[in-house]
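The following exercises introduce a protein structure through worked solutions. Please attempt each task with the sequence and the model at hand before reading the solution.

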Amino acid sequence: MKDIFGNIKKTYNEFPRLFWVVVMTRFIDALGGTVLFPFFSLYVTQKFGVGMTQAGVLLGINSFFALAGSTVGGALTDRFGRRKIILFGLVFSALSSLSLGMVNSIQMMYPLIVVVGLLASVANPAHEAMLADVLPESKRQEGYGILRVVFNYAWIVGTALGGLIATRSFFALFVIDAVISCIVAAILFRLLPETKPKVQEERRQESFWETIKGYRVVVRDLAFMGFVLSGMLALIVYIQQYGSLAVYLRDVHGIDSRGYGIILSITGLEVVLFQFWISRRIRHRPPFLMMMIGAGIFAVGVLLYGIVSGFVMFVIAAMIVCIGEMFYFPTSQVVAAGFAPKEMRGRYMAIAGFITSVPNAIGPGAAGYILDHLDPHLLWYIGGFLCLCSALGYFALHLKLGRQERFVPVTPKKEAVTV
């Protein structure tokens with residue numbers, strides 16, 4: 001027990017104090033999101049008496065307009081700083097949760113979900129830019145690994161609480177999410193300083209329109225855009241675990257939602273147990289190769305979904321995919337920060353957000369078409385092929401950029417980092 005507490009204290013001292021403030025608030029905020037998000041489709045279908053198609057369309061619209069909101073948010077982050085944008089995002093998140101829970105017409109949900117998609121995602125680049133500001137390069141991969149563990153703790157607790165609360169009142173889920181967003185905003189208002197680098201203060205103050213036009217620099221960074229495309233290919237497959245897989249297991253293999261929930265719980269526990277250990281083992285490895293390995297492991301697990309049968313085999317396949325994600329996600333976030341010049345970190349992070357936003361916008365509909373009209377096993381064969389293409393893309397990036405100093409893992413100094 002003494003050794004456990006000693007390791008915890010040692011890990012705590014290795015990171016800036018502000019990082020732990022961010023970790024704490026992200027856990028609280030993620031707890032609110034996981035209480036609500038997994039049950040949104042159930043809420044829509046039950047309250048308005050519509051099918052999963054309309055619920056999926058609403059989620060797709062939200063993700064599509066989140067692209068625009070995140071893009072604007074990246075420019076705002078570089079222009080006005082991280083703190084103000086994060087606080088705005090939290091306050092608006094609270095208001096949007098209450099408004100979504102109070103709507104009484106499915107027709108009103110469509111314009112509201114557009115507004116929510118635009119504004120609720122504005123703060124996403126600010127969160128990512130702040131983490132890149134706070135963490136030394138040598139600690140970023142490990143730090144993102146800690147955040148993934150924290151999110152999975154929130155997922156385990158939040159989904160369990162959300163399931164209990166949803167049986168009594170869906171509206172209570174929206175209220176709880178709004179209250180939690182306000183609590184996080186209050187904590188950050190007191191504890192969160194501005195972390196925006198002071199690079200721009202030495203240069204001519206640019207207008208907001210000039211800041212927006214700075215996206216041309218991001219788009220012309222072909223290596224970065226290749227990184228984004230490779231990420232989209234992997235993520236459009238990965239997200240099928242949180243929607244299409246449940247339908248596939250039920251309709252093709254007779255595994256009900258309870259079995260699907262057990263699979264998710266097992267993989268969540270897997271991340272909690274092993275993410276930090278894996279992050280420490282790979283933090284000094286070539287990052288593009290680590291993402292290549294992650295995407296390759298995705299391919300193996302996803303292909304197994306289309307081949308195996310029986311609950312135990314699907315658990316094994318899901319655990320294999322989870323191993324891939326423990327290599328992939330913390331490394332991906334580190335590399336995205338490595339591409340970005342300090343003065344453009346918000347805009348780079350906004351475009352990096354396309355890696356998840358685009359798959360969320362088009363993935364569920366494409367997968368639904370395959371499941372409804374084609375051989376359902378084809379979904380996983382195509383998914384495995386796309387993951388292999390993603391892995392090849394990362395290998396090409398390793399050959400082109402792997403020796404550049406900004407992507408070479410930094411050996412940390414022995415002294416603890418404090419703020």
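**Exercise 1: Arg82 and its surroundings**

Arg82 has its place in helix 5, which covers residues 82-102. The model examined here is a predicted one.

Task. Determine whether Arg82 is buried or exposed, and state which residues it touches beyond four places away in sequence.

Solution. Step one is the accessibility. A residue counts as buried when its relative accessible area is under 20%. Arg82 has a relative accessibility of 0%, and therefore counts as buried.

Step two is the list of contacts. With residues up to four places away in sequence left out, Arg82 touches Thr77, Ala126, Ala129, Met130, Asp133, Glu194, Thr195, Lys196, Pro197, Lys342 and Arg345.

Step three turns to helix 7, which spans residues 124-134. Among the buried residues of helix 7 are Ala126, Ala129, Met130 and Asp133, and Arg82 touches these residues. In helix 7, 10 of the 11 residues are buried, so this helix is largely enclosed by the rest of the structure.

**Exercise 2: The chain as a whole**

Task. State how many helices and strands the protein chain has, and what percentage of its residues count as buried.

Solution. The protein chain has 19 helices and zero strands. It comprises 419 residues, of which 51% count as buried.

A further step concerns contacts between residues at least 6 apart in sequence: 87% of them join residues at least 24 apart. Val23, in helix 2 (residues 17-36), offers an example of residues distant in sequence. Val23 and Val150 are 127 residues apart in sequence, while their C-alpha atoms are 7.4 Å apart in space. Apart from neighbours within four places in sequence, Val23 is in contact with Ile146, Leu147 and Val150. Val23 is buried, its relative accessible area being 7%.

**Exercise 3: Two helix pairs**

Task. Which word describes the relative orientation of helix 15 and helix 16, and which word describes that of helix 18 and helix 19?

Solution. Two packed helices are described by the angle between their axes and the distance between the axes.

Step one takes helix 15 (residues 287-307) and helix 16, whose axes come within 7 Å and cross at roughly 155°. Helix 15 is therefore roughly antiparallel to helix 16, since angles over 145 degrees are placed in that class. Their crossing is left-handed. The contact of helix 15 with helix 16 has 23 nonpolar, five polar and one charged residues.

Step two takes helix 18 (residues 354-373) and helix 19 (residues 378-401), whose axes come within 9 Å and cross at roughly 140°. Helix 18 and helix 19 are therefore oblique to each other. At this contact, Ala367, Ile370 and Leu371 of helix 18 meet Leu378, Leu379 and Ile382 of helix 19. These residues divide into six nonpolar, no polar and no charged.

Step three considers another residue of helix 18, namely Ala361. Ala361 is partly exposed, with a relative accessible area of 22%. Leaving out residues up to four places away in sequence, Ala361 touches Gly60, Ser63 and Phe64.

**Exercise 4: Aromatic rings**

Task. Classify the aromatic pair of Tyr248 and Phe314, and explain which parts of the chain this pair ties together.

Solution. A pair of aromatic rings is described by the distance of the centres and the angle of the planes.

Step one is the count: there are 17 aromatic pairs, with ring centres required to lie within 6.5 Å. Tyr248 and Phe314 form one of them, at 6.3 Å centre to centre and with 80° between the planes. Planes over 60 degrees apart count as edge-to-face, and the pair of Tyr248 and Phe314 is edge-to-face.

Step two locates the partners. Tyr248 belongs to helix 13 (residues 244-253) and Phe314 to helix 16 (residues 311-339), so the pair ties together parts that are 66 residues apart in sequence. Both Tyr248 and Phe314 are buried.

Step three adds one aromatic cluster, formed by Phe224, Phe227, Tyr238, Phe288, Phe298, Tyr328, Phe329, Phe339 and Tyr394.

**Exercise 5: A buried glutamate**

Task. Which residues does Glu270 touch, residues up to four places away in sequence not being counted?

Solution. Glu270 is found in helix 14, residues 257-282. Its relative accessible area is 7%, and Glu270 is buried. On the stated terms, Glu270 touches Gln275, Met319, Cys322, Ile323 and Met326.

Key. Residues numbered from 1 in each chain as written. Predicted model: local features only at pLDDT ≥ 70, side-chain atom pairs only at ≥ 80, totals over all residues. Heavy atoms only, no water. Phe/Tyr/Trp six-rings, centres within 6.5 Å; stacked < 30°, edge-to-face > 60°. Helix = DSSP H or I, 4+ residues; strand = E, 2+ residues; numbered from the N terminus. Buried < 20%, exposed > 50% of the residue type's maximum accessible area, 1.4 Å probe, protein only. Axes fitted to C-alpha atoms, helices over the stretch in contact; angles between N-to-C directions. Parallel < 35°, antiparallel > 145°, perpendicular 65-115°, else oblique. Contact = heavy atoms within 4.5 Å. Nonpolar A, V, L, I, M, F, W, Y, C, P; charged D, E, K, R; others polar. Left-handed = near helix turned anticlockwise from the far one by under 90°.
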